[in-house]
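Trainee: I am new to this structure. Please take me through a single part of it closely, and then show me what surrounds that part.

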Amino acid sequence: MRITNSIITNNTIRNVNINKSTLDSLYTQLSTGKLIQKASENPIIAIRALRFRSEMSELQQYLKKNIPDARSWMTLTEDALTSVDGMVKDMITYTVQATNGPLDTETKLSIINTMKQYRGQIHEDANATYSGRSIFTGYKTNSTMTFTHTDPTIKYDITETFTPEDLDTVMTISNSVDAATITNIPDAGMPKRHDTYRLRLSYDKVEPGEPEISYTDAQGAPHTIQVKALVSEDGKYYNATYNTTTEKYEKTGTPINPYEIMANDNTNPNPDAYLIADTGEVVMNKAAYQELSQATSISMEYTKIGFEKGELRPENYFGCTCTTNDGIEKKIEYSPNRQDINYTVNFNQTMKVNTEGRDVFKHDIIRDMDELIDITQKTLDLEQKVKKLENMQKDPSYSEAQQKDIETMLAAAKKELDYSQDILVSMYGAANTSLTAYQNTVVSEISDIGARCTRLSLNETRLGNQNNSLEELKSVNEDADEAETIIHLTTAHNVYEASLSAASKLLSTSLLDYI
């Protein structure tokens, strides 16, 4: 094969360029710290680098976004429930004090003021939010658990369901003494205490009406109990009839005591009941109670117009139809199914982050608090009544006949106070049981959140370790070894310099030198 000068020149230049390219590649590796700059240089390294980066990107989504968000949501939930737990503990302490002995006036006032504050705070905790989303309302994160302002016009037609366990008794007193004027006790005699069967609705101040209690017996047959209507005026109750002209229920006859009537209606074989709209109670006779106590399901439809700030929103608990003040009617479907909000916290692994408010914020606990406040206030008022009558008894300005009336009234007032004290102790005892059960529910939810937070931390630790492993593998795959690169660079530089030196000597000789 004949070798010409042009062949030698071209081969020399090509070899010098190869050495220069190698040198450039090593310089680039040293300056960037990476083995390759484009996929074509080494497809295997490139493919593995893309895979590592994809997994690390997903890991960062879990570690930097999902897990912190989930922890923040659950921490806020735990804080709210811990606050409720602390308030319930204080209320349990009050109930223990009340059941172990009579409360003095100062303690009664403290109980009233504290429970009013707690009632409002529980509602505030129920409306806790995270990043503008309500944390207790399930999927309805744009809504709230309670009404945030008073709306006297909004109307809800509510369908509430019950179980036989919701039936209980209410203790009331009749023939109360009026100490405002000197008058003898009522003709009916001394004050009396009544224990009346009742079904307590979730709301008070409902609309008067004649709703039906629907229930299903043990054989699955449907039945209804017609409820009689009442209206109240000046603290007294009257039978009511519906006026089609005014479209309102109007009082008829003389005042009645529905609690006393139902308590004494034990021999009537027919179920009977009254709706007391002010208190949100359906009081019933023994026949109605016995039928409902054997039922497998109980429901009742009623209407409430106007809600106070802090009252629980019906749509979070019941099927209902809402009519706003502009006349727009909206039927709200209630879903008994769980409304779990799940975050993906690991590869193919999700975790529930929310707690549904309907599981921990109950109407019963608020209604119990209202009744405890009410009976405590009534007992305080009766103490003042007794003191007033005692002062009247010591006042010489009253005649002998008046003093006899005052003495009779004082005896009746003391008896009424004794009844009220007994009712107070009994109600606080029952409240102690219900509050303890409620506290167990709250603590159970807090424990569940704690368990989920622990699981979340374990996932975070595992993902952190996995991220470190991927970082190491990624570095091994694509990062250049600095010491090795410097050695190769030095070698390549020497080779390049040698190739330049050889080329300069070789290319200085031409064909004429051989002729």
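Mentor: What follows is a walk through one pocket, then the helix and sheets linked to it. Keep in mind that this is a predicted model.

Start with the second largest pocket. Its volume is about 570 Å³. The lining of this pocket counts 29 residues. Nearest its centre lie Arg 119, Glu 308, Lys 309, Gly 310 and Glu 311. What is the make-up of the lining: how many nonpolar, polar and charged residues? Seven are nonpolar, ten are polar and twelve are charged.

Which elements supply the lining with at least two residues each? They are helix H3 (105–126), strand S3 (151–162), strand S13 (297–307) and helix H7 (363–394). H3 gives the most, with five residues.

So look at H3 next. The helix has 22 residues. From its first C-alpha to its last, H3 reaches 32 Å. That is close to the 32 Å expected at 1.5 Å a residue. Which residues of H3 are buried? Lys 108, Ile 111, Ile 112, Thr 114 and Met 115 are among them. The list also includes Tyr 118, Ile 122, His 123, Asp 125 and Ala 126. A general rule helps in reading such a list. An α-helix has 3.6 residues a turn, so residues three or four places apart point the same way. Try that on Ile 111, Met 115, Tyr 118 and Ile 122, which are among the buried residues of H3.

Now turn to the strands. S3 and S13 both supply the pocket lining, and both belong to an open sheet of six strands. The order of this sheet is S7-S6-S13-S3-S14-S15, and the pairing is antiparallel. Its edge strands are strand S7 (222–226) and strand S15 (329–332), each of which pairs on one side only. Neighbouring strands of this sheet are turned by 20° against each other on average, direction ignored.

Take one end of that order. Strand S6 (residues 212–216) and S7 run antiparallel and are joined by five bridges. Glu 212 has Gln 226 in S7 as its bridge partner.

Then move to S13, where Met 300 sits. Is Met 300 buried or exposed? Its relative accessible area is 1%, so Met 300 counts as buried. Along the chain, Met 300 and Ile 213 are 87 residues apart. Their C-alpha atoms, however, are separated by 5.0 Å.

There is another sheet to place beside this one. This open sheet has seven strands, in the order S4-S5-S12-S11-S8-S9-S10, and its pairing is mixed. S4 and strand S10 (248–256) stand at the edges with a single partner strand each, so one side of each has no neighbour in the sheet. The twist averages 40° from one strand to the next.

At the S4 edge, S4 and S5 pair in the antiparallel sense over eight bridges. Thr 169 stands opposite Tyr 197 in S5. The loop between strand S4 (167–174) and strand S5 (192–200) holds Asn 175. Asn 175 is not a glycine, yet it has a positive phi of about 60°. The relative accessibility of Asn 175 is 15%, so this residue counts as buried.

Compare that with Ser 131. Its place is in the loop between strand S1 (129–130) and strand S2 (133–134). Ser 131 is not a glycine either, and its phi is positive, at about 55°. Here the relative accessibility is 61%, so Ser 131 counts as exposed.

Finish with a hairpin. Strand S16 (residues 342–346) and strand S17 (residues 349–352) pair in the antiparallel sense over four bridges. Asn 342 has Lys 352 in S17 as its bridge partner. For Tyr 343, the partner in S17 is Met 351. Two residues lie between the strands of this hairpin, where Asn 348 takes a positive phi near 60°.

To retrace the route, go back to the pocket. H3 gives its lining five residues, while S3 and S13 are among the other elements that supply at least two. S13 and S3 stand next to each other in the order of the six-stranded sheet.

Key:
Residues are numbered from 1 along each chain as its sequence is written. This is a predicted model: local features need pLDDT of at least 70, side-chain atom pairs count only at pLDDT 80 or more; totals for chains, interfaces and linings use all residues. Side-chain values use heavy atoms; hydrogens and water are left out. On a 1 Å grid over the protein atoms alone, a cavity is a set of points where a 1.4 Å probe fits but cannot get out, and a pocket is an open set with protein on both sides within 12 Å along at least five of seven lines; lining residues have an atom within 4 Å of a point. Grid points are joined across faces, edges and corners, and a volume is the space filled by probe spheres set on the points. Ala, Val, Leu, Ile, Met, Phe, Trp, Tyr, Cys and Pro count as nonpolar, Asp, Glu, Lys and Arg as charged, and the others, Gly among them, as polar. Buried means under 20% relative accessible area, exposed over 50%, partly exposed in between (1.4 Å probe, protein chains only). The expected span of a helix is 1.5 Å times one less than its number of residues. Two strands pair if DSSP finds at least two bridges between them. Axes are lines fitted to C-alpha atoms, for helices over the stretch in contact, and angles run from 0 to 180 degrees between N-to-C directions.
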